[in-house]
Amino acid sequence: MSTAGEVPIFFKTMGSDSPKPRQKFCGMFCPVEGSSDNKTLDFDALSSTKGKSDGRVIDRQTDISQPRKVEIRESTGKEALQNLDDKRSDRLLIKGAKIVNDDQSFCADIYMEDGVIKQIGENLIVPGGVKTIDAHGRMLMPGGIDVHTRFQMPDRGMTSADDFYQGTRAALAGGTTMIIDHVVPEPGVSLMSAFDQWREWADSKSCCDYSLHVDITEWHKGIQEEMETLVKDHGVNSFLVYLAYKDVFQLTDSQVYEVFGVIRDLGAIAQVHAENGDIVAEEQRRILEQGITGPEGHVLSRPEEVEAEAVNRSVTVANQTNCPLYITKVMSKSAADVIAQARKKGTVVYGEPITASLGTDGSHYWSKNWAKAAAYVTSPPLSPDPTTPDYLNSLLSCGDLQVTGSAHCPFNTSQRAVGKDDFSLIPEGVNGTEERMSLIWDKCVVTGKMDENQFVAVTSTNAAKIFNLYPRKGRISVGSDADLVLWDPDITKIISAKSHNSTVEYNIFEGTEVRGGPLVVISQGKIVLEDGNLHTTEGSGRYVARKPFPDYVYKRIKARSRLAELRGVPRGLYDGPVCEVSVTPKTMTPASSAKTSPAKQPSQPVRNLHQSGFSLSGAQIDDNVPRRNTQRIVAPPGGRANITSLG
Amino acid sequence: MAERRGNWDKAEDDLPVYLARPGTADQVPRQKHGGLFCSVEGAYESKTIDFDALSVGQRGSRTPRTTKRDTGLEARSPASDCKSSSPRLERPAASRDSARVEIRAAAGKEVLQNLPDEKSDRLLIKGGRIVNDDQSFCADIYMEDGLIKQIGDNLIVPGGVKTIEANGKMVIPGGIDIHTHFQMPYRGTTTVDDFTQGSKAALAGGTTMIVDHVIPEPGSSLIEAYDQWRQWADEKACCDYSLHVDVTHWNDSVKQEVNTLIKDKGVNSFQVYMAYKDYYQMSNSELYEIFTFLAENGGIAQVHAENGEIIAEEQARMLQMGITGPEGHVLSRPEELEAEAVFRAITIASQTNCPLYVTRVMSKSAADIISQARKKGNVVFGEPITASLGTDGTHYWSKNWAKAASFVTSPPLSPDPTTPDYLNTLLASGDLNVTGSAHCTFSVAQKAIGKDDFTQIPEGVNGVEERMALIWDKAVTSGKMDENMFVAVTSTNAAKILNLYPRKGRIAVGSDADLVIWDSDSVHTITAKTHNSAAEYNVFEGMELRGAPLVVICQGKIVLEDGTMHATSGVGRFIPCSPFPDFAYKRVKARKQLAVLRAVPRGMYDGPVSEFSPMSRGGTPSASARTSPTKQPVRNLHQSGFSLAGNPAPRGPPTPDDIPIRPAGRRIVVPPGGRSNITSLS
């Protein structure tokens, strides 16, 4: 793309990625009808103007041969006059960019105002006084969405090193313009108050738009009501449950089943931290008994099988409850395989590898440098298998994994040192929000595993779709938020704690050389990164509410729930002998594998078996349910069919 | 067979020769003499071979197959019955009646020689084709006192011997049904088949040993339950038996009891339940502890694999929807839940390095997970049962309630009609290893306890009688497996897993005289009218099967001939199983040696340490970045950093590393604040 000779051809193909526009009138940036009035090029024009764009490109080519810098021009002279009042205008024009969405790439100019994209097309007619960025054909894509961060997370009286200010700054520096953080209520504390607490922190400090997942750390009726409030009134549509952290956050299978049922009814997404906490606890004890106290014990006590097992279990529960599932932090090959298999069987499940699992491996746990080894501690742990990152990148490219987060939750070395004599006390979490986009570009796009469109899909679009932010986020189209990144595929940089924006002393990608990085980052229509300088404003981030029932996820779920209606078999009444049963309390009865679960014995008082058989009207306690009364009426009591006959 | 051989290869002679169990090891005969039936050397001298000779004999019998035919022919005398009968084998249907087995009692002069015992224990089978799991060959078998004394041609036997002319029919080791529930108590009633009835049915089907499950009520003593079962079985069983013990609750005293059962009571397999919430179900942590304990003591961990918690939820949902019939049983227990539990059990077993045995493999997905795990190298065995191999779960939707209810068992039969075929294929390929019946029959009246609520239907199906014939019909007749594999899955593998091999599960000198003469041509139809179980309904009703036992010999006595049973209740002996079966534990032991973990020697951390408030359970804020609180009690962090001797700061009970296995070297090599600054970043 950089070589001059290729350029014309390259640009010619641009925009032709999707041969047929899906709709007659608007096509690519759908809300066009209205927008074509104000001179925005509508879609029909685009393909026809392609010839024209060739000419323009060649013009620009000369620009490119000059220093590879993006020019940002302030409005001058006359233009400034037209645009009297606001000196520091929100108006921004990006010229000559190659716009990359998840479905196609094409060349066009973009005009935004008030933090929203107003026009896309060529030869836009824009008001004066507009700041103009000349992109010189570089890629312009939707800003990244980091679906998993834990900024400012409290842990046993400590707080993770990056608060919302530093964290979002780091995110912006890496080309991520939206983060979704996890609210972690302490068990015993109401979800609402924790949510409000996080809102307060983030509103005062966040530099980019954010949204919040809420973690379910315990389960009772009150939580269910709070979840309902959060979904209906506070724009939360995803809840995380933990299968690990025994006796603190961990929920039992039954609880998970119930939570998933509630989540499905509310139209939210069930997220799972998948590790078998029971086994982890046992293994931790065993490893400590063996005298292994360093960070290597962390990975030894959490083998990847334990992760795969929990993923498999949550897939099973999700299938039973017909609830969409989202696995956070996919760290190992086997866990990713389980997800890929489940998807092949049709389960609605999404997998989120994180920057760390895509970029590095767990061999560092054996580092002689304790601080370094401890910096890698996160759960599930990084896999010691060095081929894991490559494998996960491949699955990400082929669509078996869909979204990427960072699980950014770094702690300082002195905080980590809490666990210097016992790995199980080391606070967990790694950095990655800043490195995420560059790292995926380097590992996937540079190596040819995925194209730039798929890159946009896994770094923002899919996340926006799953969490119902699409097309406001995750797409460049008229009406979308002006969160954009001008991407330079040729920048090379070496990741180091010396230069990164996080406050931690150690960067787990230390020394990794990555190609590709953001040149200009625009958040809410403002330039926040240019020339390597960050211009962030603390507290400018808005909370983005998310609606339940995202189409991307729930279309299939809804169809299935219609199908999944079960029917009983209409039978005559049993009129044969019935064995006497000693109705004994649970623990008394001898029973066996041939026994049935007594789970509903407590809740369900003994039914009067004789009575129900003779009720003609069919009015029963459980009648609101689709038990068809034909079942009871067709065969009159003691009548027609003797169902005890054998044969 | 490939599977079998794979196991030979793995099993290596790490034991002294005298201990080497015949058959477990390898294909190569270890001794020069003693060709095919090897018995020979000692056999001719004193007609009775004692057990010491066992190893010699059997090892010889494991001659490589390539030489089998030749030696067989050479060894065979010209007048051998075997030879005369072999043509008959080639045209089986032609002379049906002549293919009958003749049993001759000792007559005339012979009787005189053998004065005292009219009903001799001595028995000679002539002209049979002996089928073991590794090879088949023609030879005569002479038994006495319930043991096989000689195998070979032209045996010299004492007079007064009852002789069976096998006419070239197959003689196979009697079947071992590794999973039965006879006389099982259930809410004040018991299953309709007690040990007499049940073992009779077993014998009628060619099964000469059963392994029953002892089910102690949760909270009660395992040993008491064991004694109770022993008492019942000793009184009534018509064939040899052994016992699994189900662990229905877990604490230290149960641990002690398990230990006693393994050491003194001859039990080496224990079943745990992942289903039956609030009743038998074990948590993951308990499973981990049980598996760890069993792995240390050489037991086999059996699991009933279903996710009980989700089942309970699903059952509640079904009932709410108004589904109360037997179809609710299968709807509330989808096969995914079985597969999930199998997966989890395998994960835990692999963490604890414990051999795992999955009872009742009922669905394709569960079987798939087992075979995948085996490919990854886990030591796991799967047991499909007669019902899952022979029928499917479509019957749960039968309009006939009694019929539908009679199929109720857990995990349920899969509604997918291709399941039986699939499981038979995996059985033939060696991905599944053993077969049981899970025979646990209830009368229709008992099943009717749950007529208005499927969760109350007592669970269990029949199958002990049909097992052998059904597998023959489904797997051998259809060409999926050969007769040797048939022997492997019906008896040999079970004997190996239970550490009863080669006493059971093999026809060899010194083995128990539990034999079946198998007629591969007989055709019979299964029906409740003719079966030996007391149940009114047979889940295989109307199925036509080829293959059946002609003669069944148990403990050296003929118990079935001409379709007539001669079973005596109470003759069954308890067969103790010893721990650490080679078949399962050789690999486990080798892995244990490898699995030693090492800590990384590091300098001491001498940087600043953050203050932190220790977690109180469920108290403090924390997150995914939190760690498991099992290690609760607060450690004095400052202190431990400065300790020179390497005894760590005192700690609470959950982390018993106060008695430090913790290598002291690690702390001494680097003096505090010394040499390497481990906090430096680079």
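## Charges over rings

The charged end of Lys364(B) is placed over the ring of Tyr422(B), at 5.3 Å from the centre of that ring. This arrangement belongs to a predicted model, and in chain A a comparable topic arises with Lys333(A), which lies over the face of Tyr391(A) with 5.3 Å to the ring centre.

## Aromatic pairs

Over all chains, the count of aromatic pairs comes to 35. In one of them, the ring centres of Phe164(A) and Tyr210(A) are 6.4 Å apart and the planes meet at 55°, so the pair is classed as tilted, the angle falling neither under 30 degrees nor over 60. This pair links distant parts of the chain, since Phe164(A) belongs to helix 6 (residues 164-173) of chain A and Tyr210(A) to strand 11 (residues 209-216) of chain A, with their positions 46 residues apart.

Both Phe164(A) and Tyr210(A) are buried, and the two residues also take part in a cluster, linked by ring pairs, that includes Phe151(A), Phe195(A) and Tyr543(A).

## An enclosed helix

Helix 18 (residues 436-445) of chain A has 9 of its 10 residues buried, and it is therefore largely enclosed by the rest of the structure. The buried residues of helix 18 of chain A include Arg436(A) and Asp442(A) as well as Met437(A), Leu439(A), Ile440(A), Trp441(A) and Val445(A), together with Ser438(A) and Cys444(A).

## The annotated domain

An unreviewed UniProt entry lists residues 139-528 of chain A as "domain: Amidohydrolase-related". Over residues 139-528 of chain A, the chain is 39% helix and 19% strand, while the C-alpha atoms at the two ends are 17 Å apart.

Definitions and conventions
Residues numbered from 1 in each chain as written. Chains lettered and ligands numbered in written order. Predicted model: local features only at pLDDT ≥ 70, side-chain atom pairs only at ≥ 80, totals over all residues. Heavy atoms only, no water. Phe/Tyr/Trp six-rings, centres within 6.5 Å; stacked < 30°, edge-to-face > 60°. Helix = DSSP H or I, 4+ residues; strand = E, 2+ residues; numbered from the N terminus. Buried < 20%, exposed > 50% of the residue type's maximum accessible area, 1.4 Å probe, protein only. Lys NZ or Arg CZ within 6 Å of the ring centre and 35° of its normal. UniProt positions renumbered as here; feature names shortened; annotations may be inferred.
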